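Open the model in your viewer and keep the selection tool at hand. The stops below go from the whole chain to single residues.

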Amino acid sequence: MSHANDPKLLNRLRRAHGHLATIIDMVETGREGLDIAQQMQAVISALEAAKKVLVIDHIEHHLETATGPLTDAGRAELARIATLAKYL
């Protein structure tokens, strides 16, 4: 699947975009620093989640290009890699 058509990735990026728009508004209206920092953390978290989706999908795409369609066992191993990737 093309990254441009990946609904998981696009939803996560839209979430980050919405949080960022909120931060800009908060800064412009003089909101408290703590509130702004909390929203900034939400943007960072949303982008990290989007990056994880992008990287795992990219790995899966190239594995399938190199080896053909993944078996159920191969997909299970990829899911284990995805779980491990959260610690990077």
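Start with the charges: select the charged side chains of the protein chain, and you will find 10 positive and 11 negative ones. Lys and Arg count as positive, Asp and Glu as negative, while His and the chain ends are left out of the count. Each charge is placed at NZ of Lys, CZ of Arg, CG of Asp or CD of Glu. The centres of the two sets lie 4 Å apart.

A word on what is on screen: this is a predicted model, in which local features need pLDDT of at least 70 and side-chain atom pairs count only at pLDDT 80 or more, while totals for chains, interfaces and linings use all residues. Residues are numbered from 1 along each chain as its sequence is written, and side-chain values use heavy atoms, without hydrogens and water.

Next, show the chain as a cartoon. The protein chain has three helices and zero strands, in the order α-α-α from the N terminus. Helices (H or I, at least four residues) and strands (E, at least two) are DSSP runs, numbered from the N terminus.

Now switch to the C-alpha trace. Along its principal axes, this trace spans about 55 × 25 × 15 Å. The radius of gyration of the protein chain is 17 Å, against near 12 Å for a compact globule of 88 residues. This radius is taken over C-alpha atoms, and the globule rule is 2.2 Å times the number of residues to the power 0.38.

Turn on the surface. What share of the 88 residues counts as buried? The share is 19%. Buried means under 20% relative accessible area, exposed over 50%, and partly exposed in between (1.4 Å probe, protein chains only).

Select D57, in helix 2. D57 counts as buried because its relative accessibility is 17%. Leaving aside neighbours within four places in sequence, D57 is in contact (heavy atoms within 4.5 Å) with D6 and K8.

Stay in helix 2, which covers residues 33–67, and select I59. Its relative accessible area is 31%, so I59 is partly exposed. Add L78 to the selection: I59 and L78 are 19 residues apart in sequence and 8.6 Å apart in space, C-alpha to C-alpha.

Finally, go to Y87, in the segment after helix 3 (72–85). Is Y87 buried or exposed? Y87 is exposed, because its relative accessible area is 64%. From Y87 to R31 the distance is 33 Å, C-alpha to C-alpha, with their positions 56 residues apart in sequence.
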